[in-house]
Amino acid sequence: MRESYDVFIKAADRIGSYLCKSAFWAGSCCNWIGRSLEDVTSNENSPLPLVNKALGPDIYDGTSGIAYFLSYLYDYTGQYDYLHFAEGAINHSLSHIGDIFPINRFGFYDGGIGIAYVAVKLGCKLDNNLLLDKAMTALKDLSNDIQAEHLMDIISGNAGAIPALLEIYDTLREQSYYDLAVELGDELLRLAVRNRIGWSWDHRTNGVESAQNNLTGFSHGAAGIAFSLLELFRKTGDYKYRAAAEEGFKYENCWFNETLRNWPDFRPIQSFRKRQPEGFTYAMAWCHGAPGICLSRIRAYQILQDRKYLKDCQAALSTVSESMKYPDDIDNDNYSLCHGLGGNCEPLLQAYNVFNDEDCRSIANNIGNNGIEKYGNETSRWPCGIQTGQTPGLMLGLAGIGHFYLRLYDSKHTPSALML
């Protein structure tokens, strides 16, 4: 059966080869030119234009995210070039870690924690003590600055840092990383907005300035924070983290729409989304909506074995599956991880891993095969999670699409980039 999946490895390999050919080097560092939304006008009512620029150091759309993909691509292809370019990419990230906005420094996807995480992974793979030393120095600097203002969500704050720190602790056995994860978790508990419908977290501390209510969803909302707290409970055995996580899920579920089988996105309405009669809009992505929330509930069921989370999984999976059952009819034809088809397939792959759900696996395979038929040749350009064009990064671009194909090839041994 594995031989029939070789097309997925070939797709990932083609993307990796393109990334290596399009990189540019300066000493021991390499980088890429990518597409980015930039505020280059003084008119606040003007839409942000896309510009071409060198990538930053972060995982989300920077060089450490590309390093993450290339290092796993090496595992399946054995092509040393991929390790060489991954090392050059993480060297760039570490040399520019000071460019991270201070408020994002604990972020996994756009903060310093994520860069250090990838550096630790690569340092161990390459047996490179210099990389490990730089990662440990970065982590020490971050832990010394915990009192300054920072965010709380999965993308930019505490919730993203906690699972990464726990994994780094398991790798290096350095107590300070465990202690920092606990400290960040305790801060999440202190800052929770607690009421009768459950616990949530102020959308402003999650990096979203304007919202109708505190957010649901994985990237900036209750699902991601609750998932992180569950990982802390699993590691520490302290029931206060379990209780807080379950209160986060409770808050989210009070907003669940039975008809749409989805959770509302409380951010200002997006132009491509239709407002529902109750005044809310609903997303369908890893970052906001059923796909990401489904991941949090699958993990909750794994850890807690409580059937109420299995019920949530089934509702979310039915929504995600229905939205992608017929690839040719899908309006959203980008394959990115954050808010594209690659990310939307992640709960289907997790359902296959955890529940042995072959139907979910089949839907994900069909999405992958459809993408290869349309864009997998040498001349086509993959549609990414930006307005137009192609970009190299992990969460919006080619590296993430490549990682999606590695997951399709072997979802049980290729770690998810969307849920540590």
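# A tour by selection

Start with R173, which counts as exposed because its relative accessibility is 54%, over the 50% cut-off. The model on screen is predicted.

**Stop 1: the salt bridges**

Keep R173 selected and add D170. The two form a salt bridge, with 3.5 Å between the closest N and O atoms. D170 has a relative accessibility of 37%, so it counts as partly exposed. Now add K235: D170, R173 and K235 are linked in a network of salt bridges. The count for the structure is 16 salt bridges.

Next select K308 and E246. Their side chains meet in a salt bridge, 3.4 Å from N to O. The pair links distant parts of the chain, with K308 in helix α11 and E246 in helix α9 (residues 239-253), 62 residues apart. Is each partner buried or exposed, or in between? K308, at 44% relative accessibility, counts as partly exposed, whereas E246, at 18%, counts as buried.

Then go to D333 and K374, a salt bridge whose closest N and O atoms are 3.8 Å apart. D333 lies in the loop between α11 and α12 and K374 in helix α14, so this pair ties together parts that are 41 residues apart in sequence. D333 is partly exposed at 24% relative accessibility, and K374 is partly exposed with a relative accessible area of 33%.

**Stop 2: helix α2**

Select residues 63-77, which make up helix α2. The helix has 15 residues and reaches 21 Å from its first C-alpha to its last, close to the 21 Å expected at 1.5 Å a residue. Colour the selection by accessibility: α2 is mostly covered, with 11 of its 15 residues buried. The buried residues are T63, S64, G65, I66, A67, Y68, F69, L70, S71, Y72 and L73.

What covers them? Show α1 (6-22), β2 (29-31), α3 (80-95), α4 (112-126) and α15 (398-409), which are included in the cover over the buried residues of α2. To look at Y72 in particular, add K125: the charged end of K125 sits over the ring of Y72, 5.0 Å from the ring centre. At the end of the helix, select G78, which follows α2 and has a positive phi, near 70°.

**Stop 3: aromatic pairs**

Hide everything but the aromatic side chains. The structure holds 24 aromatic pairs. Pick out Y109 and W286: their ring centres are 5.5 Å apart and their planes stand at 65°, so the pair is edge-to-face. The two rings come from distant parts of the chain, Y109 from the loop between α3 and α4 and W286 from the loop between β8 (281-282) and α10 (290-304), 177 residues apart. Y109 counts as buried at 3% relative accessibility, and W286 counts as buried at 0%.

F218 and F227 give a tilted aromatic pair, at 5.4 Å centre to centre and 40° between the planes. Both F218 and F227 are buried.

For a group of rings, select Y5, F8, Y335, Y375, W382, F404 and Y405, which ring pairs link into a cluster.

**Stop 4: the nonpolar cores**

Which residues have the most contacts inside the largest nonpolar core? They are F69, W286 and Y405, in a core of 134 residues. F69 is one of the buried residues of α2, W286 is the partner of Y109 in the edge-to-face pair, and Y405 belongs to the ring cluster.

Apart from that core lies another, of seven residues. Select L215, A222, Y251 and F266, which are among them.

**Stop 5: helix α13**

Finish with residues 346-355, helix α13. Seven of its 10 residues are buried, so the helix is largely enclosed by the rest of the structure. The buried ones are E346, P347, L348, L349, Q350, A351 and Y352. Turn on α10, α11 (307-324), α12 (341-344), α14 (358-375) and α15 to see what the buried residues of α13 pack against.

Add R361 and zoom to Y352: the charged end of R361 sits over the Y352 ring, 5.5 Å from its centre. The last selection is N356, which follows α13 and has a positive phi, near 55°.

Definitions and conventions
Residues are numbered from 1 along each chain as its sequence is written. This is a predicted model: local features need pLDDT of at least 70, side-chain atom pairs count only at pLDDT 80 or more; totals for chains, interfaces and linings use all residues. Side-chain values use heavy atoms; hydrogens and water are left out. Helices (H or I, at least four residues) and strands (E, at least two) are DSSP runs, numbered from the N terminus. The expected span of a helix is 1.5 Å times one less than its number of residues. Buried means under 20% relative accessible area, exposed over 50%, partly exposed in between (1.4 Å probe, protein chains only). Contact means heavy atoms within 4.5 Å. Rings of Phe, Tyr and Trp (its six-membered ring) pair if their centres lie within 6.5 Å; planes under 30 degrees apart count as stacked, over 60 as edge-to-face and the rest as tilted. A charge sits over a ring if NZ of Lys or CZ of Arg is within 6 Å of the ring centre and within 35 degrees of the ring normal. A nonpolar core is a set of buried Ala, Val, Leu, Ile, Met, Phe, Trp, Tyr and Cys residues joined through side-chain atoms within 4.5 Å. A salt bridge is a side-chain nitrogen of Lys or Arg within 4 Å of a carboxyl oxygen of Asp or Glu.
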